[in-house]
Amino acid sequence: MSLPANLAPDAASPEWLNKGDNAWQLTAATLVGLQSVPGLVILYGSIVKKKWAVNSSFMALYAFAAVLVCWVGWGYNMSFGKHFIPILGRPEASLDQKFLLQRAYAGYLPNATVVYFQFVFAAITLILIAGALLGRMNFHAWMLFVPLWLTFSYTIGAYSIWCPGGWLFKKGIIDYAGGFVIHLSSGVAGFTAAFWVGPRANKDRERFPPNNILLMLAGAGLLWMGWSGFNGGGPYSVNTDASLAVLNTHVCTATSLLTWLLLDILFFGKPSVIGATQGMITGLVCITPAAGNNSIYLLVSKWKYTPLTDSEDFCRTGVVQGWAAIIMGMMSGSIPWYTMMVLHKKLWILKQIDDTMAVFHTHAVAGSLGGILAGFFAEPKLNRIFYSVDDWEHYIGLGYGLQSGHIGAGFKQMGIQLMGIMFIVVVNVITTSLICLLIRFVVPLRLSDDELQTGDDAIHGEEAYALWGDGEKFESKHTSTYGVEEFSHMASKSEVEMA
């Protein structure tokens with residue numbers, strides 16, 4: 001039977017290419033990109049003081065662009081390329097047309113799609129780090145920090161945990177879509193960099209109100225909806241695992257938001273909008289390492305996807321089941337809430353370091369929690385198929401191990417998850433510190449006191465809003481119903497009345 005013309009293989013659509021999978025993967029990658037630009041650009045620019053709106057947004061936009069150039073230049077192959085050392089791939093460019101059009105190790109996709117998909121994950125990691133540094137980091141220092149951290153920190157975590165040649169991958173660590181590689185890394189790196197950069201100006205640290213809560217919610221909404229691509233793209237295929245991953249993501253996030261909101265009401269008496277946004281973020285982060293299963297892991301020694309054949313297994317896709325997503329949401333809405341609202345005020349080290357967006361709590365704590373819970377709730381039946389292992393000593397959650405009698409295997413998996421946490425923490429503390437110390441020899445890490453007082457206008461020569469009394473108002477008397485003199489008179493009269 002002949003295929004329709006639009007499905008028949010040709011030079012642009014080789015036989016191995018799955019058009020449906022490729023279309024979804026490109027869409028999922030774009031959804032993740034929209035989380036950064038415009039999602040976090042809007043969120044950062046609106047959750048800070050007005051004088052920091054431009055700088056905060058532009059830190060995110062710059063990182064997105066800079067990471068892409070570094071990624072195709074050397075970062076992708078250092079993260080997923082040929083073996084170089086146990087924690088890094090060989091630094092090579094990903095720009096050759098022949099390479100980009102070849103079949104990727106995910107089987108049904110070209111390398112160009114996988115490079116793009118992995119780029120948006122790398123980019124958002126750097127943007128999350130920026131959240132800890134808003135309101136005081138020298139922009140020139142940030143311009144140096146982004147390529148250096150991507151090269152010497154992100155690639156180590158990605159290769160070790162996600163690449164089949166990585167040492168933690170070989171041990172069987174579970175990190176579906178970046179609980180360790182992205183969120184724990186960004187939380188620890190942001191916290192470490194905040195220590196070296198130093199705090200905001202005292203006035204900003206004492207009072208730092210959002211300049212536009214409605215825009216903040218718009219950015220948060222883009223972040224939430226974009227997570228459908230974040231976790232839904234993890235299987236590298238249009239399958240039931242992608243569907244369950246998306247549903248688990250939103251169920252956990254909604255539960256976490258409501259849990260955080262309830263705690264705010266119970267302990268502070270008011271439903272905080274910013275608090276609800278933080279609860280949303282912790283839910284998204286917590287479910288990320290456990291939302292589903294990543295088909296990329298099927299390909300340790302294979303070049304084709306191994307389909308599921310058992311109907312029962314086919315219906316039980318995912319690292320965790322739906323009810324576990326509810327439990328994870330309750331925990332992600334309460335444990336990071338406790339560390340942020342209670343523990344932060346008691347521990348000396350947390351009080352000393354100025355983490356503007358509380359990235360340590362929303363990403364490091366929540367990412368670690370998700371990784372640990374993935375090790376507890378992991379359902380081994382499908383995991384054995386997805387990870388291409390036949391024995392019962394791999395990918396068994398501790399909860400399942402206690403239930404089924406495979407206690408040793410369950411504790412082993414939990415130990416691997418904890419090992420991953422320790423590895424990411426140590427690597428990021430060391431590499432981030434060395435990078436900050438190196439940059440400090442070139443340019444100051446922190447803005448000057450005068451720049452801290454002025455903000456955007458001193459750094460970029462631009463301001464976010466042209467409100468009454470700000471900026472240039474009239475170039476000629478023909479630009480308004482009122483002439484310049486009348487307008488000046490009215491403004492002066494209004495100022496007297498307000499005083």
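**Notebook: a surface patch, a threonine and a pocket**

I began at the surface, where Met422, Val426, Val429, Ile430 and Leu434 make a nonpolar patch of about 450 Å². Patch members have over 30% relative accessible area and no salt bridge, with nonpolar side chains (Val, Leu, Ile, Met, Phe, Trp, Tyr) joined within 5 Å and like charges within 9 Å. A salt bridge here is a side-chain nitrogen of Lys or Arg within 4 Å of a carboxyl oxygen of Asp or Glu.

A note to self: this is a predicted model, where local features need pLDDT of at least 70, side-chain atom pairs count only at pLDDT 80 or more, and totals for chains, interfaces and linings use all residues. Residues are numbered from 1 along each chain as its sequence is written, and side-chain values use heavy atoms, leaving out hydrogens and water.

I looked up Val429 next: it lies in helix 18 (residues 407-440). Helices are DSSP runs (H or I, at least four residues), numbered from the N terminus. Val429 is partly exposed, at 34% relative accessible area.

Then I turned to Thr255, in helix 10 (residues 240-268). Is Thr255 buried or exposed? Thr255 counts as buried because its relative accessibility is 15%; buried means under 20%, exposed over 50%, partly exposed in between (1.4 Å probe, protein chains only). Beyond neighbours within four places in sequence, Thr255 is in contact with Ile326, Gly329 and Met330 (heavy atoms within 4.5 Å).

Last, I checked which helix gives the most to the lining of the largest pocket. I found that helix 11 does, with three residues.

How values were computed. Areas by Shrake-Rupley, 256 points an atom, 1.4 Å probe, with all protein chains shown as cover. Helix = DSSP H or I, 4+ residues; strand = E, 2+ residues; numbered from the N terminus.
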